[in-house]
Amino acid sequence: MKRLSLLLCGILISCISFSQKTYYTGRSLSVPQEYKDDHNKVNDGFCGTRMSDEMLNWLKAYKQSGAPANKQGPDSTLYYIPLKIHIVGTNDGGGYHKVSSILDGLCKLNEQYEQVGFHFYIEGEFDYINSDALYDHADYNVGSIINQHKTPNAANIYYVQNPAGNCGYFSPYRDYVAVAKSCAGSSNSTVAHELGHFFSLPHTFNGWEGRATTEAPQSDDELVARTNCSDHGDNFCDTPADFISDRWGCPYSNTKVDFAGTPYAVDGSLYMSYANDACQNKFSPEQIDAMRAYLLSNRSELLNHPMPILDTLGSATNIYPANGAIGVPANFVQLKWNKAVGATHYNLQVTRYFNGNFSNIDIVTTDTTLSPATTTAGACVPLTKATPAAATLLTATL
Ligand SMILES: [Zn+2]
């Protein structure tokens, strides 16, 4: 007797798009290599530094203008941002990041960006790319593959095995985010961090990328007292001076001091710091203003889409096997379910048991029938382009 549990989740995937510019902002698991890699990358034909300057110069000009976002648009507006999801596998189609993990990650991302007033949704269909070169890229020299697949007028995210030795990075020059599968779960903040770059935010330790944490701050660095915060560090005065370009655990317990001799007071709760993911839970008010202003001034094409449908999704109910059915033929199971109100897609996770081995199916489908041949146990997970659907658990016994 084997249990067949099928969890159906309505998935509403809408259609929309986006585009833009970049510099590389890698986010390493341990030792940050991003800026070193950035400069190495120049030898590969990328010019991240120039593009980085472009975005940093925008931020400086914006801060000097004294124009917070609420002068450029209603501060309470909730903006819907299209994400183009690229799922990268090996040449033979192996190693795809699980759809259910991507969806869980996006649900988390929307929780993280609720304070910003951004809500991300999926643009079009998932784009599956079979490319060893992109799946495990040791350097940033993947521009031609990226460009082949980029969708204009959307934030393009590539889920890969190895994004140049980082957890993830944002390329201002090619204008995309790459993230490691291992750093893209619902307990991670890497995607939130990289999209912070995408919307103009530097690291809280801006200028310290590639500098050793043992190095003493200099006279031209930001002061903990914030007397020079408007044009030093990340240019934000509500993010404490930060000199730590390596991953660190919070709260900060070292006794290092800035150039004036004032002890560090770094804030690990900021997504744009390098504190461990578990420490992070916010953008500062000034960072939020800058992101909203950057959206309206430099990425307004993201908003040139029909408003995503926000209907509440209904539940999917199974047709076959019946919920709790007993004696379902184990050698061939056809899963059938009723359409969920409002759903255009469904995410199915089914575990197959065949010749003593388990294998997994984790797909998005527009159909309401799946024939996974020998099936033993299953589950399906969530999502909607705008709001997660309530999952429906269906069970049957073989
Ligand atoms: Zn970064």
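Pro251 is found in the loop between α6 and α7. The peptide bond that leads into Pro251 from Cys250 is cis, with omega near -5°. This geometry, like every value below, comes from a predicted model.

The protein chain holds seven helices and 17 strands. Of its 398 residues, 49% are buried. Contacts in the chain often link distant parts of the sequence. Among those with a separation of 6 or more, 76% join residues 24 or more positions apart.

Strand β9 (residues 176–180) is enclosed. Five of its five residues are buried, so the rest of the structure largely surrounds the strand. Both faces are covered. Tyr176, Ala178 and Ala180 are buried on one side, and Val177 and Val179 on the other. Strand β9 pairs with two strands considered here. Strand β6 (residues 155–160) runs parallel to β9 and is joined to it by four bridges. Within this pairing, Tyr158 has Ala178 of β9 as its bridge partner. Strand β8 (residues 168–171) pairs with β9 in the antiparallel sense, also over four bridges. Here Gly168 is the bridge partner of Val179.

The β8 and β9 strands form a hairpin, with four residues between them. Asp175 lies in this loop. Its phi is near 60°, a positive value in a residue other than glycine. Asp175 counts as buried because 21 other C-beta atoms lie within 10 Å, against a threshold of 20. Ala164 also has a positive phi, near 55°, and is likewise not a glycine. Ala164 sits in the loop between β7 (162–163) and β8. This residue is buried too, because it has 26 C-beta neighbours inside 10 Å.

Helix α6 (residues 190–198) is mostly covered, with nine of its nine residues buried. The buried set includes charged or polar names such as His193, Glu194 and His197, and also Val191, Leu195 and Phe198. The cover over these residues includes α3, β6, β8 and β9. Just after α6, Ser200 adopts a positive phi of about 90°.

Helix α3 (residues 99–112) is one of the elements that cover α6. Its 14 residues should span 20 Å at 1.5 Å a residue, and the end C-alpha atoms are 20 Å apart, so the two values agree. The buried residues of α3 are Val99, Ser100, Ile102, Leu103, Gly105, Leu106, Leu109 and Gln112. An α-helix has 3.6 residues a turn, so residues three or four places apart point the same way. Buried positions in α3 include Ile102, Leu106 and Leu109.

The largest nonpolar core has 67 residues. Leu83, Ile157, Tyr159, Val177 and Val179 touch the most other members. The largest share of this core, six residues, comes from helix α7 (residues 285–298). Another core lies apart from it, with eleven residues, among them Val224, Ile244, Ala275 and Cys279. In soluble globular proteins, nonpolar side chains tend to be buried together.

Leu83 illustrates the contacts made within the chain. Beyond its neighbours within four places in sequence, Leu83 is in contact with Phe120, Tyr121, Ile122, Glu123, Ala154, Ala155 and Ile157. Of these, Ile157 is itself one of the core residues that touch the most other members. Val177 and Val179, on one side of β9, are buried, and both belong to that group as well.

Conventions:
Residues numbered from 1 in each chain as written. Predicted model: local features only at pLDDT ≥ 70, side-chain atom pairs only at ≥ 80, totals over all residues. Expected span 1.5 Å × (residues − 1). Buried ≥ 20, exposed ≤ 12 C-beta atoms within 10 Å, placed from the backbone. Core = buried A, V, L, I, M, F, W, Y, C linked by C-beta atoms within 7 Å. Contact = placed C-beta atoms within 7 Å. Pairing = 2+ DSSP bridges.
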